[in-house]
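These are my notebook entries on a structure that was new to me. I kept them in the order in which I looked things up.

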Amino acid sequence: MAAGENMRINGDRLWDALMEMAKIGPGVAGGNNRQTLTDADAEGRALFKTWCDEAGLSMGVDKMGTMFMTRPGTDPDALPVYVGSHLDTQPTGGKYDGVLGVLSALELVRTLNDLDIKTKHPIVVTNWTNEEGARFAPAMMASGVFAGELTLDYAYGRKDHEGKSFGDELKRIDWIGDEEVGARKMHAYYEYHIEQGPILEAEQKQIGVVTHCQGLWWLEFTLTGKEAHTGSTPMAMRVNAGLAMARILEMVQKVAMDAQPNAVGGVGQMVFKPNSRNVLPGTVTFTVDIRTVDQDKLDGMRAAIEKQAAEICADLGVGCSVEAVGHFDPVTFDPELVGNVREAAVELGYSHMDIVSGAGHDACWAAKVAPATMVMCPCVGGLSHNEAEEISKEWAVAGADVLLRAVLKTAEIVE
């Protein structure tokens, strides 16, 4: 590479930025609670903007609150290369999920500034709004609107568990922009992320070259039973939504196991109402999450779960409704960009392997509008969406080095 065979990012600066951002929205056990459109999210955005200002980037914000921080290229007609992820976290999230990708993209720009490297294509460091979907479902909402898969009105109308709407909360924290969502055009999109799984660590690989991303369905079930005293209502006379939910959970497990290999299913969220220890629930709401890289298998799992859930509920006299609150089809990432990542890992001497992302990412929607791919680094024990999430500084730096070199291949260094 003309800019120098040993070109690397500043690992100390990247790690310091990660630790500084982690001070905002601290969790109770060492991680972070910086859920989207909270005051902590606003504070994290402000710090990120300060760093981008210092790096000479110009900011644009769209109507979903996504932040686009641009380093100009030398060709005014060249479309930008976008690089990013998200700063929002789960309620009990780690310090690296999403944040690593955003701050590594910023570090990439800082490194180019240090080395006075110019590129033909502009580079846009991106912080997508509400990737996690923890507070407002579905996940990857801003990138979904950007890709035209969701409407702005739909996104604005989504509500959290307190009944607050996405649109109102975006205005409240004062991060609603004036750019039309999706109006920007991309030359390419790169995203760097922790694996959120155990494969890279188990295989002792530093870099995951992401070739595909699993498709998913999030199916939100609402079961309607009859509130009744748990002590005085005879077993044969109960309309027990909780029992129906339990049987559906077991059924989801069986459907996923029957769909092996490379399929998963489970339930991560449920709400009982009235949620009293001696009252049978009148309503149970829960979300089934199913994923696989095979389109036919994914759709078949959904059909099986909905059919069998209806049968379970009918047998117990429980009402059952289901809404698809999140979905994307399996994604095949751009072969040329995937090749750039693989080539960068080889050039830098980092151990690597091809991998399929088990989690959804903004890159999945970006791939609908431009060539896209991802870089991954290991995480300890494969643990993520947990305050105990951990990576090593060496892992973080290796992935950022690969990201730098792959992005430069696409953005084109100007001699």
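I began with Leu-37, which sits in the loop between helix H1 (11-21) and helix H2 (39-54); helices here are DSSP runs of H or I with at least four residues, strands are runs of E with at least two, and both are numbered from the N terminus. I noted that the phi of Leu-37 is near 65 degrees, a positive value in a residue other than glycine, and that Leu-37 is buried with a relative accessible area of 0% (buried means under 20%, exposed over 50%, partly exposed in between, with a 1.4 Å probe and protein chains only).

Before going further I wrote down that this is a predicted model, in which local features need pLDDT of at least 70 and side-chain atom pairs count only at pLDDT 80 or more, while totals for chains, interfaces and linings use all residues. Residues are numbered from 1 along each chain as its sequence is written, and side-chain values use heavy atoms, with hydrogens and water left out.

I then looked up His-385, which also is not a glycine and has a positive phi of about 55 degrees. His-385 lies in the loop between strand S16 (372-377) and H12, and it is partly exposed, with a relative accessible area of 39%.

Next I turned to the peptide bonds. The bond from Ala-137 to Pro-138 is cis, with omega near 5 degrees, and Pro-138 belongs to the loop between strand S5 (123-127) and helix H4 (141-146). The bond from Lys-273 to Pro-274 is cis as well, with omega near 10 degrees, and Pro-274 lies in the loop between S10 and strand S11 (279-280). I added as a reminder that most residues other than glycine have a negative phi and most peptide bonds are trans.

From S10 I went on to the sheet, which is open, has 4 strands in the order S10-S12-S8-S13, and pairs in the antiparallel sense; two strands pair if DSSP finds at least two bridges between them. Strand S10 (263-273) and strand S13 (319-328) stand at the edges with a single partner strand each, so one side of each has no neighbour in the sheet. I recorded that S8 (residues 215-224) and S12 (residues 283-292) pair over 10 bridges, and that Trp-218 has Asp-289 in S12 as its bridge partner.

Last, I looked up the record: an unreviewed UniProt entry carries the annotation "domain: Peptidase M20 dimerisation" over residues 214-313, in the numbering used here, with feature names shortened and annotations that may be inferred rather than shown by experiment. That span is 37% helix and 35% strand, and its end C-alpha atoms lie 29 Å apart.
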